[in-house]
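Student: Before we look at the model together, I would like to practise justifying the words we use for it. Could we take the terms one by one and test each against its cut-off?

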Amino acid sequence: MLSRLIVSLCLLFYLPSQAQEGECLLKAMHATNHGRWFNTMTFVQQTAFYRNDSLIRKSTWYEALRLPHDLRIDFDDLSKGNYVLYKKDSTYRFQNHALRSVSADINPFLFFIGGMYYMPFDSVLHLLKSKGYDVNKGYRTTWEGRPTYVVGRSSEKDSSNSIWLDIENRWFVRLVEKNNRGQVIDAHMKAHRKLPKGSSETKVDIYVNGSLVQVETYDQIRTDVPLDDALFDPLKADSVKHWFKNEHR
């Protein structure tokens, strides 16, 4: 109800064109979910990798996130100590329980998973603009048979970074962003599930430069579970044993 009121007032009094409706929708989503979104989430991700439209391998990922900035992904056998930590603007990669590399890199999805609801709306707009999303451009279309609003593009011919929003449910269904290596990442979010606080897609198809490279399916989703700080601490992360089993017992 609150989000619908914000959109109605925004369009009635402030925005003269349909192209600016996107900022209204984002503002409504933020007003509805700010302070009402889950803080932590754990889940199992089945990951399928593709090359030239053919499946080449599968992997099981065990994931834990704490909004707005922390994400840990353990790959396959948890006992082998192969995992990655995302900490705000840094990425730590571990192999065989040892830190192998540190890079200045972020996980682009944490913000859209719910990190945006942990910051003021002005900061949300600033971050989107810094990542090349022009919130003053937009248009209505249909995606997967549902009314959708595209933020960041003026028309179907525009190839700019863009956010695709399900107008009725107010959740993200597609993200298109050029990364710092010049690759165009196109993520299709599907099979959304409402949670006690917030919501989450449970399937994501990821394309790079137009080719399918990865399909993710989420299961065993749990939200707002207590998570040990050490889980996300590069100096202590390897001391946390059997964390996924403990959180899902």
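Tutor: Let us start with accessibility: a residue is called buried under 20% relative accessible area, exposed over 50%, and partly exposed in between. Please keep in mind that this is a predicted model.

Student: Why is Q220 called partly exposed?

Tutor: Q220 has a relative accessible area of 41%, and since partly exposed covers the range between 20% and 50%, Q220 is therefore partly exposed. Q220 lies in strand β15, and it has a positive phi of about 55° although it is not a glycine.

Student: What makes a positive phi worth pointing out?

Tutor: Most residues other than glycine have a negative phi. A second case here is R170, whose phi is near 60°; R170 sits in the loop between β9 (162-166) and β10 (171-178).

Student: Is R170 buried or exposed, and how do you know?

Tutor: Its relative accessible area is 14%, and the limit for buried is under 20%, so R170 is buried. For contrast, K245 in helix α5 (residues 243-247) has 63% relative accessibility, and because the limit for exposed is over 50%, K245 counts as exposed.

Student: Why is the pair of W37 and F38 called tilted?

Tutor: Two rings pair if their centres lie within 6.5 Å, and planes under 30 degrees apart would be stacked while those over 60 would be edge-to-face. The ring centres of W37 and F38 are 5.5 Å apart with planes at 35°, so the pair is tilted. Both residues are buried, W37 with a relative accessible area of 8% and F38 with 0%.

Student: What makes F43 and Y218 a tilted pair as well?

Tutor: Their ring centres are 4.7 Å apart, within the 6.5 Å limit, and their planes stand at 45°, which is neither under 30 nor over 60 degrees, so this pair is tilted. The pair links distant parts of the chain, with F43 in strand β1 (residues 40-51) and Y218 in strand β15 (residues 211-223), 175 residues apart. With relative accessibility of 4% for F43 and 13% for Y218, each is buried. By the same pairing rule the count comes to 10 aromatic pairs, and ring pairs also link F111, F112, Y133 and F172 into a cluster.

Student: How do you know that R57 lies over the face of F49?

Tutor: The CZ atom of Arg must be within 6 Å of the ring centre and within 35 degrees of the ring normal. R57 lies over the face of F49 at 4.0 Å from the ring centre, which satisfies the distance limit. R174 likewise lies over the face of W164, at 4.4 Å from the ring centre.

Student: Why are the buried residues of helix α4 said to be on the same side?

Tutor: The buried residues of α4 (residues 121-130) are F121, V124, L125 and L128. They cover an arc of only 95° around the axis, which puts them on the same side of α4. On the other side of α4, D122, H126 and S130 are exposed. An α-helix has 3.6 residues a turn, so residues three or four places apart point the same way.

Student: Which peptide bond is cis, and where is its proline?

Tutor: The bond from L67 to P68 is cis, with omega near 10°, and P68 is placed in the loop between β2 (54-66) and β3 (70-75).

Technical notes:
Residues numbered from 1 in each chain as written. Predicted model: local features only at pLDDT ≥ 70, side-chain atom pairs only at ≥ 80, totals over all residues. Heavy atoms only, no water. Phe/Tyr/Trp six-rings, centres within 6.5 Å; stacked < 30°, edge-to-face > 60°. Buried < 20%, exposed > 50% of the residue type's maximum accessible area, 1.4 Å probe, protein only. Helix = DSSP H or I, 4+ residues; strand = E, 2+ residues; numbered from the N terminus. Arc of directions from axis to C-beta.
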